[in-house]
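Student: Could you take me through this structure, one question at a time?
Tutor: Yes. Have the sequence and the model open.

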Amino acid sequence: MNIVVTVKQVPDTWAEKKLDASDKTVDRKSVDNVMNEMDEYGVEEALKIKEAHGGEVTVVTMGPEKAVETIRKALSMGADKAVHLTDESLHGSDALATSAALAKVISTLSPDLIITSSEASDARGGVMGALLAERLGLPQLTQARKVTVDPGANKVSVERLADNGYALVEATLPAVVGVVEKINQPRYPSFKGIMAAKKKPLTKLSAADAGLDAGSVGLAGATSTVVDAQPAPPRQSGTIVKDEGDGGAKVAAFLAAQKLI
Amino acid sequence: MPAERQLPSSEARELIELTATMCDRELAPRVTEYEAASRFPREEFAVLGKAGLLSLPYPESFGGGEQPYEVYLQVLEEISYRWAAVAVGVSVHALSCYPLATFGTPEQQEEHLPRLLSGDLLGAYCLSEAHAGSDPAAMRVTATATDDGYLLNGTKAWVTHGGAADFYTVFARTSSDTRGGISCFLVDAGTPNIRFHPPEKKMGLTASPTTQISFDDVAVPASRLIGKVGQGLSIALSALDSGRLGIAATAVGLGQRALDDAVAYAKEREAFGKAIIDHQGLGFLLADMAAAVESARATTLAAARRRDAGLQYGRAASVAKLVATDAAMKVTEDAVQVLGGAGYTKDFPVERYMREAKVMQIFEGTNQIQRLVISRHLARG
Ligand SMILES: Cc1cc2nc3c(=O)[nH]c(=O)nc-3n(C[C@H](O)[C@H](O)[C@H](O)COP(=O)(O)OP(=O)(O)OC[C@H]3O[C@@H](n4cnc5c(N)ncnc54)[C@H](O)[C@@H]3O)c2cc1C
Ligand SMILES: Cc1cc2nc3c(=O)[nH]c(=O)nc-3n(C[C@H](O)[C@H](O)[C@H](O)COP(=O)(O)OP(=O)(O)OC[C@H]3O[C@@H](n4cnc5c(N)ncnc54)[C@H](O)[C@@H]3O)c2cc1C
């Protein structure tokens, strides 16, 4: 199995997320950046499939220079090699441009299976898996809480999370699978893994190396523009009803006034 | 404010980050409950072991991480920051491996070190006895030579991980020569005729079991003698030089934690219309705490760097243990003061830090014994 797993570096979950005032893109410089936590599950699943069926796990990321830290984390968990697409011109890419760039890189790796997580914690588009499948012309199995690969039959089946249970869906390989965090318990890297990661192959690609047309990516190529953004207003304190024998009536009156009853 | 670290390599930085993440996720959520219930976190040690954190200072060829003490000690600090008893355990494990790793024959190391360093096993160090703590040469446990090995008899005391460990590094008397009659043995936990007493009821470090261990004709093969017959006391003291660095680092981590908790509280808590940290009398107390933690770290790492450079470090290790554990005691006590009445309750962890700091001034040589070591160096030098 030749498995590609996409990982994204995001601002630390606990950090206050801000937009850069000049171009309204996510400010990645003033905060600690970490591997998108959901991607740890993607990497874990890729490693488990490799351990069961053999093969190789390649990590793919698009992001600034610093995103190499996230690549190294995936390598120290046990992935075999990595491709880092990084270029000033990619800054500000929207979901469409990101998917085009990733698809271009991934197609050169001719994977049997592509694993993404269902959502990155910064932009939270939750779309990348679907976009990649569409661009690569592959079946997409998203929201997977369990993945079973049968390389002999050239098949992958997943339990797809649904409101009241799950749907069993399957596809032929190659396919794109998007995983949710119920799927496994990601391993920690080991110290030996950290040391070994230094020696694993890492290919750094510029937009030109990847064969991307500068006008189609980055802020320049974005099909949408962030015009304005405001931080969410702090939550207002609630209305306190004092029960002086008529508490129930007061609550009812309040709900009626809000047109809730 | 987290500790500002100077680390010698990028892998050391990643190692520290891995430790911090793992301890935040695996240790921090459990420490209060386990300490209150005197429950030993064996599974959590296994998680640390799997990541390679139980064998950092030992050679790569035997499965260790081959990290300098400068790095290993800062890992210990990060562990202690979340759970002092676990850091003590990691340090005691390293101490228990030391005699074999340093004085064992190549054959013994080949046979036993890989499993001791695998991360799956946990070690214990049996030197003290009820009447022989500060003066280990007064020990009475005997190892009597037989045709193919030794028979151990007597009772060891104060064994950290007693009953929970997988192997025991035991010091016992092979002759009546006070200092030259002690030898060192590597004993598996499952060896017949070992009896573990119930854990001591301690004021702190309650998640870490400390027990007496009785040996009643415990047969140990000759191949388990570490070093030469009679070399035991000098092996024990040499191991303690390294062990003391571990305890010093554990104390630094605990002190840093108490400082951080105190500062966080002092920024939130108001009295006389302003945050208490803005009252100079309290701000200065916090400043002294910060100075104590930082000088303890500097002293500890200075000793570690001497060790890493292959220089004599016994005196420096005693200075570090003395300075760092006294600092931890002062800082944790002051943290209780900063939290006021809240600090005196079990709703906040600072009272536990204070109880944990106390034992660090006692084990691996009381701080009086550290002064004894330092002053003897001064007298000799
Ligand atoms: C304020 C704001 C406004 C935005 N406005 C728009 C907009 O108007 N239109 C628009 O199209 N986009 C917009 N974006 C989205 C932004 O461009 C996304 O960051 C980018 O497209 C990636 O999508 P995502 O983070 O939502 O990924 P998701 O789809 O949530 O990520 C799912 C998974 O896909 C993979 N993945 C995602 N990105 C990468 C990557 N760079 N490298 C490797 N793997 C990756 C990871 O496995 C990830 O877990 C906006 C973002 C912000 C913060
Ligand atoms: C929680 C815990 C865990 C421990 N774990 C281990 C372990 O894993 N393995 C192990 O072998 N031991 C262990 N110990 C034992 C520990 O090392 C001893 O308790 C310590 O060395 C002190 O010995 P003692 O208790 O017999 O005190 P004593 O030696 O009786 O000392 C009593 C007091 O007299 C002082 N004193 C003694 N001699 C002198 C002197 N010459 N000059 C000035 N003052 C002196 C001491 O400083 C102390 O204040 C542990 C102890 C505790 C509490």
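The questions below go through the domains of chain B, two ligand shells and some helix packing in this predicted model.

Student: Into which domains is chain B divided, and which one ends at residue 380?
Tutor: The assignment gives domain 1 as 10–116 and domain 2 as 123–233. The segment 240–380 completes the division, and that is domain 3.

Student: Which UniProt domain annotation covers residues 10–120 of chain B? And what is the helix content there?
Tutor: The unreviewed UniProt entry lists "domain: Acyl-CoA dehydrogenase/oxidase N-terminal" for that range. Its end C-alpha atoms are 27 Å apart. Strand is 0%, and helix is 71%.

Student: And for residues 124–218 of chain B, what is the strand content?
Tutor: UniProt's unreviewed entry annotates this range as "domain: Acyl-CoA oxidase/dehydrogenase middle". The end C-alpha atoms are 17 Å apart. Helix is 0% here, and strand is 47%.

Student: Which element gives the most to the side of domain 1 of chain B that touches domain 2 of chain B?
Tutor: The C-alpha centres of the two domains are 22 Å apart. Domain 1 of chain B puts 23 residues into the contact, and domain 2 of chain B puts in 18. On the domain 1 side, α2 (31–37), α5 and α6 (106–116) of chain B each give two or more. With twelve residues, the top contributor is α5(B).

Student: How does that side of domain 1 of chain B divide by class, and how many residues are charged?
Tutor: The nonpolar class has 13 residues. Seven are polar. The charged residues number three.

Student: At what angle do the axes of α4 and α5 of chain B cross?
Tutor: Helix α4(B) spans residues 69–82 and helix α5(B) spans 84–103. Their axes come within 6 Å. The crossing angle is roughly 150 degrees.

Student: Which residues make that contact, and how many are charged?
Tutor: From α4(B) come B:Leu76, B:Ile79 and B:Ser80. From α5(B) come B:Ala84, B:Val86, B:Ala87, B:Val90 and B:Ser91. Six of the contact residues are nonpolar and two are polar, while the charged count is zero: no charged residues.

Student: Why does ligand 2 lie between two domains of chain B, and which are they?
Tutor: The shell around ligand 2 has 22 residues, with B:Gly133, B:Ser134, B:Trp158, B:Thr366 and B:Gln368 closest. Two or more residues come from each of β1 (123–126), β3 (149–160) and α11 (367–380) of chain B. By class, the shell has twelve nonpolar, eight polar and two charged residues. Two domains both give residues to this shell, so ligand 2 lies between domain 2 and domain 3 of chain B.

Student: Turning to ligand 1, which element gives the most to its shell?
Tutor: Ligand 1 is surrounded by 33 residues, the closest being A:Thr6, A:Ala95, A:Ala123, A:Gly125 and A:Met128. At least two residues each come from α1 (37–53), β4 (56–62), α3 (95–107) and β6 (113–117) of chain A. The shell has 15 nonpolar, twelve polar and six charged residues. Four residues come from the leading element, α3(A).

Student: What covers the buried residues of α4 in chain A, and which residue follows the helix?
Tutor: Helix α4(A), residues 128–136, has buried residues A:Met128, A:Gly129, A:Leu131, A:Leu132, A:Ala133 and A:Leu136. Their cover includes β1 (2–6), α3, β6, β7 (140–150) and β10 (175–179) of chain A. After the helix comes a residue with positive phi, near 65 degrees: A:Gly137.

Technical notes:
Residues numbered from 1 in each chain as written. Chains lettered and ligands numbered in written order. Predicted model: local features only at pLDDT ≥ 70, side-chain atom pairs only at ≥ 80, totals over all residues. UniProt positions renumbered as here; feature names shortened; annotations may be inferred. Near = placed C-beta within 6 Å. Nonpolar A, V, L, I, M, F, W, Y, C, P; charged D, E, K, R; others polar. Axes fitted to C-alpha atoms, helices over the stretch in contact; angles between N-to-C directions. Contact = placed C-beta atoms within 7 Å. Domains from an automatic or database assignment. Buried ≥ 20, exposed ≤ 12 C-beta atoms within 10 Å, placed from the backbone.
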